[in-house]
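Me: I am new to this structure and would like to understand the reasoning behind the words used for it. Could we go through it step by step?

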Amino acid sequence: DAKLRYEPWLCGGEVPRVDCAGPEGFQEALRMISRRVPVIMENLGLMPRTSKWSLDYLREHTNEWPGMNVLKSAGGDNRYLYYVGAQPDRDMSAFEGAPRQASQDLRMSFEGFLR
C-alpha cells in the first residue's frame with residue numbers, strides 16, 4: 001500500500017532501550033547488536049554538549065553555516081531507501097533486484113529545513 005509510512009516488517013514492536021552509562025549496560029547492548037537485534041543505546045556520553053541543543057540553540061549557532069545535505073522523499077510519502085550499489089569491500093549481489101525509491105538530495109539552511 002502506497003500510503004504506508006513504514007515497511008510492514010518494521011512495524012509492530014518497540015526497540016529496546018539500554019542504559020549504557022555503566023559497563024554492564026554497554027555489554028548488554030553489544031550482545032543485542034551481535035544477535036542483530038536493534039537497540040537504542042542511551043547515556044553513552046559520546047557527545048555531552050548536545051544535551052543543550054534545542055531548535056532555538058541550533059538556529060542561533062547555525063546561521064553562518066552555508067547549508068546541510070538533506071534527503072527528501074521523492075513521492076511525498078516519507079519513504080526512503082538508502083542504497084549505494086558500488087561497495088568494493090563487500091558482495092552486493094544479493095541486493096541486485098532490490099527496489100529503489102529515489103530521494104532528492106537537497107542542500108539547504110537549517111531555517112529552510114525547519115519550514
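**Contacts, core and helix**

Reply: Let us begin with Ala29, which, once its neighbours within four places in sequence are set aside, is in contact with Val18, Cys20, Val39 and Met41. Please keep in mind that this is a predicted model.

Me: What makes the set of Val18, Cys20, Ala29, Met32 and Val39 a nonpolar core?

Reply: A nonpolar core needs buried residues of kinds such as Ala, Val, Met and Cys, joined through side-chain atoms within 4.5 Å. Val18, Cys20, Ala29, Met32 and Val39 form such a set, and with 5 residues it is the largest nonpolar core here. As a general tendency, nonpolar side chains in soluble globular proteins are buried together.

Me: Which residues of helix H1 are buried, and how do you know that they lie on the same side?

Reply: In H1, the buried residues are Gly25, Ala29 and Met32. They cover an arc of only 60° around the axis, and therefore they are on the same side of H1. These buried residues pack against strand S1 (17–19) and strand S2 (40–42), whereas Pro23, Glu24 and Ser34 are exposed on the other side of H1.

Me: Why is Val70 called buried?

Reply: Buried means under 20% relative accessible area, and Val70 counts as buried because its relative accessibility is 14%. Val70 is found in strand S3, residues 68–73, and although Val70 and Leu106 are 36 residues apart in sequence, their C-alpha atoms are 5.1 Å apart in space.

Notes. Residues are numbered from 1 along each chain as its sequence is written. This is a predicted model: local features need pLDDT of at least 70, side-chain atom pairs count only at pLDDT 80 or more; totals for chains, interfaces and linings use all residues. Side-chain values use heavy atoms; hydrogens and water are left out. Buried means under 20% relative accessible area, exposed over 50%, partly exposed in between (1.4 Å probe, protein chains only). Contact means heavy atoms within 4.5 Å. Helices (H or I, at least four residues) and strands (E, at least two) are DSSP runs, numbered from the N terminus. The arc is that of the directions from the helix axis to the C-beta atoms.
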